[in-house]
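Student: Please take a close look at one part of this model for me. I would like the surroundings of one nucleic acid strand, described step by step.

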Number of protein chains: 2
Amino acid sequence: MRSPNDSPTSSSGDNALIRKLERFSALACGDRLALDDLARTCEWVPPDRSIVTEGDASGAVLPLLEGLAYRHKDFRDGRRQIISLLVPGDMCGGHGRLSRPTNYGVRTLTRCKIARISRQGFVHLLDSHPAIAEALNEAALVEEAVLRTWIVNLGQRHAHERMAHLLCEWAQRMADCGRLLAHGGFELPLTQQGLGAALGLTSVHVNRVLQRLRAENLVAFQNGTVRIFDFDRLRAVADFDPAYLSARVLREASPALPMD
Amino acid sequence: MRSPNDSPTSSSGDNALIRKLERFSALACGDRLALDDLARTCEWVPPDRSIVTEGDASGAVLPLLEGLAYRHKDFRDGRRQIISLLVPGDMCGGHGRLSRPTNYGVRTLTRCKIARISRQGFVHLLDSHPAIAEALNEAALVEEAVLRTWIVNLGQRHAHERMAHLLCEWAQRMADCGRLLAHGGFELPLTQQGLGAALGLTSVHVNRVLQRLRAENLVAFQNGTVRIFDFDRLRAVADFDPAYLSARVLREASPALPMD
DNA sequence: CGGTTGATTGAGGCTGCTCAAAAGGTGTGG
DNA sequence: CCACACCTTTTGAGCAGCCTCAATCAACCG
């Protein structure tokens, strides 16, 4: 028996990292134990704190075990871009064998539980648990797909389409990690300024776009909580196809390919 | 002795994939031989041809050995986003152990030499050559950094800054793979419409932006060739920091991290 | 030589930005 | 409990960066 509230430093049986990696690769018991071990050297960070600062070269590997966070890049003149949103199971820093100074920062949105592993320990983990290495690898490829989708979003879509797409993607990801609220809504703990930084828009325009989506009875955003009223129509506006997020996967090799 | 022009199917001693991977990991002789082997089952593709179409699930792994190409996403209504530019050594398709249908297409810019490996063969390559697996991994992380930078570019920069950044990045990458021309310029075989598709701009505006950069004596673009007149000033306009492209690397683990 | 593709230029319009101010909300201290 | 500060949201007015549409020009090619 375990109490339902996981106390800060206990390794809960419900490890987000394990849950995520199991979407990509069958983990043996030993793999799971190793991952649970990480949760022993973890810390809680309050909301709106910097976890990684641009140029950070500490080399630590920082899996996000609980809470929400984001990667961002700040400019001297105040411009700011949110590069990706992080859910439990994602990595805050680089996840390769080699350590490289980051060209981005990471901040918490909510209170976060973060493990801290030395690069050395991480490399050892990969070497002694190939299944973990493989799963992390595949996870990185999905992350890449998300980045590509953001590029398309920023490059080609209008403000309201962009917003719709962000909300669709976030809805899917939050559902995937079991974070839907009772009424089917979900957290998105950003201010309108924050949404602007994610979408390449000003907060003023974000406000107007949200009003429009609300007026069209598609979605409401209030106090960091989103409720989607008509997912199908929102998806149509966003031209959202969730395939890139899924870990669905085909294990095979095959023959021809169209070379038109 | 080997003739200087590499004929289509001969494995040239100068394999772009090897050159690239060696930036990330020390390859043993056997690793290099295995990579050279790939060049035996390769094909030449003419310019402006589709290599991978969206939704492709063939599962083939397609390293680009020679030539230039790009990843892109097309919309039904004609909008089009170029997601990344590919140089020799890059992968055209997915490069994981698992095969997933692509949500993008790949087209050639110039004539391209492309190896074709079954997913099965690729997995076997990774399993039997850990150094290759590691190098591919690190390469994927650099690619991720490029995607992040494009997001920042599209989200926050004005048209002329975006253009400047693209040109700086491309200059660096072309230099890194030994593709600078005699006068220090380099190929960028895109039409102005193509540049627009990469930058989220219309070709009309691309044209005006290029005129402005030319008028400011920063750079000239003609016939798919770029000449940069004042790299320092261009870099300042673009706010370009090449660090994210480099394979420069620190092998260590280390202690503290700012937790402001 | 006509046909096609890409570059260039112009005019006008819309999306999204800037600047500014007011309105709500929340926490703090008196 | 009110006053105050601070932050976020909301609204308005005006502007501009970039787009749309359209036409011309240049280069290439069968």
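Tutor: By class, the surface near DNA strand D has eight polar residues, four nonpolar and one charged. The model is predicted. In total, 13 residues surround DNA strand D. The closest are Gln192(A), Asn207(A), Arg208(A), Gln211(A) and Thr202(B). Of the strand's atoms that come within 4 Å of the protein, sugar and phosphate account for 68%.

Next, the secondary structure. Two helices, α7 (203-215) of chain A and α7 (203-215) of chain B, each supply at least two residues of this surface. The largest share comes from α7(A), with four residues.

Now the individual contacts. Two of them involve phosphate oxygens of DNA strand D. Gln192(A) places a polar side-chain atom 2.8 Å from a phosphate oxygen. In chain B, the side chain of Thr202(B) has an N or O atom 2.9 Å from a phosphate oxygen of the strand. Arg208(A) reaches a base: an N or O atom of the Arg208(A) side chain is 2.5 Å from a base nitrogen of DNA strand D. Gln192(A), Arg208(A) and Thr202(B) are also among the closest residues to the strand.

To put the pieces together: sugar and phosphate make up 68% of the strand atoms within 4 Å of the protein, and Gln192(A) and Thr202(B) each have a side-chain atom by a phosphate oxygen. The side chain of Arg208(A), in contrast, has its listed contact with a base nitrogen.

Note on methods
Residues are numbered from 1 along each chain as its sequence is written. Chains are lettered from A and ligands numbered from 1 in the order in which they are written. This is a predicted model: local features need pLDDT of at least 70, side-chain atom pairs count only at pLDDT 80 or more; totals for chains, interfaces and linings use all residues. Side-chain values use heavy atoms; hydrogens and water are left out. A residue is near a molecule or strand if one of its heavy atoms lies within 4 Å of it. A polar contact is a pair of N or O atoms within 3.5 Å; within protein, one must be able to donate a hydrogen and the other to accept it, and residues adjacent in sequence count only if both atoms are side-chain atoms. Ala, Val, Leu, Ile, Met, Phe, Trp, Tyr, Cys and Pro count as nonpolar, Asp, Glu, Lys and Arg as charged, and the others, Gly among them, as polar.
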